[in-house]
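Q: I would like to take a close look at a single part of this model, the surroundings of its ligand. Please go through them carefully.

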Amino acid sequence: MKRRLEPELMEDAAQALAYAQADFSEPNDLFLKLLAAAQPGTLHGARALDLGCGPADISIQFLTTYPLATCDALDGAAAMLALAQEKLQRLAGVAPRCRLLCERLPTPTLPAAHYDLILSNSLLHHLPEPQVLWQTIRSVGKPGALVVVMDLMRPASAGWVEALVETYGSEMPEVLRHDFRNSLFAAFEPQEVVAQVAEAGLTTLEVEVVSNRHLAVIGRLPA
Ligand SMILES: C[S@@+](CC[C@H](N)C(=O)[O-])C[C@H]1O[C@@H](n2cnc3c(N)ncnc32)[C@H](O)[C@@H]1O
């Protein structure tokens, strides 16, 4: 099935609010599990970057799990970052270690070879040009930095898209079901991601299928 783009930034306030209020604990827990498996330990002093952070749920869960780490949480949508800011205001133990950056990728403002850890969940499928993500990771990660990227993967047919929307979207408000459907059509197939990573020269990263609707790209940048 051919890829069908969806709007890149989630700038609409109602859409952002519905997303921020939704329960994504299952995929978010999976993301943190993949990180823990790739990097056991405390991540003492680690500087992380969360690309396409949305309402910052992953950044917050990361900083709660790793109290000795810091995180720059980046998103191009001001509406999402406002919701992230609200969540952080209620979390005194996390907020001082989380910096929100309103930037649309690609951006020249991120420091080169700076981060120990690069996280990204559900950004890749929003990008019309996927190299934007891979080239950013290449540029801002320190040598040997750990990369954990997770995203939806595109099903083989429109019927399979509907089956996933029925299974996982039945409790969602209509605006989110609509977004979930569009996201599945906009996502990449695992083989496409393998080709993207190779094109970016990120041959140390591995692409894995991690659920019936998610893939992950995990590994370290060359030392
Ligand atoms: C589906 S949300 C994922 C949010 C969060 N990572 C999570 O796991 O819940 C995708 C986010 O990527 C952001 N985004 C899309 N394209 C972007 C770009 N080029 N630069 C920065 N953020 C972008 C959107 O605004 C949106 O907030």
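By class, how many nonpolar, polar and charged residues does the shell around the ligand have?

A: The model is a predicted one, and in it the shell around the ligand is made up of eleven nonpolar residues, six polar residues and four charged residues. Altogether 21 residues stand around the ligand, and those that come nearest are Glu8, Gly52, Asp75, Leu105 and Asn121.

Several contacts in this shell can be described atom by atom. Asparagine 121, one of the nearest residues, places a backbone N or O atom 2.7 Å from a nitrogen atom of the ligand. Glycine 76 also uses its backbone, with an N or O atom that lies 3.1 Å from a nitrogen atom of the ligand. With tyrosine 19 it is the side chain that takes part, since an N or O atom there is 2.9 Å from an oxygen atom of the ligand. On its own the ligand has 600 Å² of accessible area, and the protein covers 99% of it. The space that the ligand takes is the largest pocket.

Leucine 105, which also belongs to the group that comes nearest to the ligand, leads to a further feature of the chain. Leucine 105 and proline 106 are joined by a cis peptide bond, with omega at about 0 degrees, and proline 106 lies in the loop between strand E3 (98-102) and strand E4 (115-121). Asparagine 121 is the last residue in the range given for strand E4. The loop between E3 and E4 is also the place of alanine 113, a residue that has a positive phi of about 45 degrees although it is not a glycine. As background to both features, most residues other than glycine have a negative phi, and most peptide bonds are trans.

Conventions:
Residues numbered from 1 in each chain as written. Predicted model: local features only at pLDDT ≥ 70, side-chain atom pairs only at ≥ 80, totals over all residues. Heavy atoms only, no water. Near = heavy atom within 4 Å. Polar contact = N/O pair within 3.5 Å; in protein donor to acceptor, adjacent residues only side chain to side chain. Areas by Shrake-Rupley, 256 points an atom, 1.4 Å probe, with all protein chains shown as cover. 1 Å grid on protein atoms, 1.4 Å probe; cavity = no way out; pocket = protein on both sides within 12 Å on 5 of 7 lines; lining within 4 Å. Sits in = over half its atoms within 2 Å of the grid points. Nonpolar A, V, L, I, M, F, W, Y, C, P; charged D, E, K, R; others polar. Helix = DSSP H or I, 4+ residues; strand = E, 2+ residues; numbered from the N terminus.
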